[in-house]
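Me: I am new to this structure and would like to understand how its charged side chains are described. Could you take me through the reasoning behind the terms?

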Amino acid sequence: YAEAEEMRIRLTAKKQELEEILHELENRIEEEEDRSQQLQVEKKKMQQQMQDLEDQLEEEEAARQKLQLEKVTAEAKIKKLEDDILVMDDQNNKLVKERKLLEERVSDLTTNLAEEEEKAKNLTKLKAKHESMISDLEVRLKKEEKGRQELEKLKRKLEGESNDLQEQIAELQAQIAELKMQLAKKEEELQ
């Protein structure tokens with residue numbers, strides 16, 4: 001009986017030891033499960049943070065591409081405006097040159113007209129003088145019948161020269177009027 005009691009005591013002690021080991025293992029398993037759950041929560045949190053960063057990167061990349069496109073568009077507009085300004089400057093320079101040439105031509109024609117008008121005045125004086133002479137000759141013609149034909153011939157010659165000169169003056173005045181109209185048109189284009 002003593003041996004059986006001793007065996008029971010040993011078995012009881014062994015059972016208690018095993019129960020303690022089991023209890024310790026159960027506690028460790030529970031701790032590991034808690035730790036595993038915490039790690040799963042942290043993993044999900046990290047995954048969400050990574051997704052948020054990826055979304056933010058996509059948004060920033062889309063914004064960068066949009067800004068790049070706007071930059072290219074703006075640069076193209078600036079280039080076109082610069083080209084348009086160059087063309088306008090070139091046209092303006094051409095118009096200024098044409099205006100200067102027209103002004104010089106008008107100045108030359110004005111000078112020529114003044115000279116022609118001076119000639120016309122002199123010829124008019126000469127004509128008046130000749131007409132006076134003709135008048136005197138006509139008076140003398142009454143007295144000198146033989147010289148009448150020569151005086152009439154001189155009179156017709158002077159009148160023909162006067163008419164030719166008047167026609168030349170009219171042509172010059174028409175040219176000046178036309179050039180002044182062209183100059184006024186060019187000045188309107190420059191404005």
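Reply: What follows is a set of questions and answers on charged residues in this model, which is a predicted one.

Me: Why is the contact between Lys 15 and Glu 19 called a salt bridge?

Reply: The closest N and O atoms of Lys 15 and Glu 19 are 4.0 Å apart, and the rule asks for a side-chain nitrogen of Lys or Arg within 4 Å of a carboxyl oxygen of Asp or Glu, so the pair is counted as a salt bridge.

Me: How do you know whether Lys 15 is buried or exposed, and what is Glu 19 called by that scale?

Reply: Lys 15 has a relative accessibility of 52%, and since exposed means over 50%, Lys 15 counts as exposed. Glu 19 has 43%, a value that lies between the limits of under 20% for buried and over 50% for exposed, and therefore Glu 19 counts as partly exposed.

Me: What separates Lys 15 and Glu 19 along helix α1?

Reply: They are four residues apart in helix α1, which means that about one helical turn separates them.

Me: What makes Glu 61 and Arg 64 a salt bridge?

Reply: Their side chains meet with an N to O distance of 2.9 Å, and because the cut-off is within 4 Å, the pair qualifies as a salt bridge. Glu 61 and Arg 64 are three residues apart in helix α1, separated by about one helical turn. With a relative accessible area of 31%, Glu 61 is partly exposed, and Arg 64, at 46%, is partly exposed as well.

Me: Why are Lys 79 and Asp 83 each called partly exposed?

Reply: Lys 79 has a relative accessible area of 46% and Asp 83 has 31%; partly exposed covers what lies between under 20% and over 50%, so the term applies to Lys 79 and to Asp 83. These two residues also form a salt bridge, with their closest N and O atoms 3.1 Å apart, and both lie in helix α1, four residues apart, about one turn of the helix.

Me: How many salt bridges are counted by this rule, and which residues are linked in a network?

Reply: The count comes to 11 salt bridges, and a network of them links Arg 99, Glu 103 and Glu 187.

Me: What makes the patch on the surface one of negative charge?

Reply: The patch gathers Glu 30, Glu 31, Glu 32, Glu 33 and Asp 34, and because Asp and Glu count as negative, the patch is one of negative charge. Glu 32 lies in helix α1, which covers residues 2–143.

Conventions:
Residues are numbered from 1 along each chain as its sequence is written. This is a predicted model: local features need pLDDT of at least 70, side-chain atom pairs count only at pLDDT 80 or more; totals for chains, interfaces and linings use all residues. Side-chain values use heavy atoms; hydrogens and water are left out. Patches are made of residues with over 30% relative accessible area and no salt bridge: like charges are joined within 9 Å, nonpolar side chains (Val, Leu, Ile, Met, Phe, Trp, Tyr) within 5 Å. Accessible areas come from the Shrake-Rupley method with a 1.4 Å probe; for residues, only the protein chains shown count as cover. The place of a charge is taken as NZ of Lys, CZ of Arg, CG of Asp or CD of Glu. Helices (H or I, at least four residues) and strands (E, at least two) are DSSP runs, numbered from the N terminus. Buried means under 20% relative accessible area, exposed over 50%, partly exposed in between (1.4 Å probe, protein chains only).
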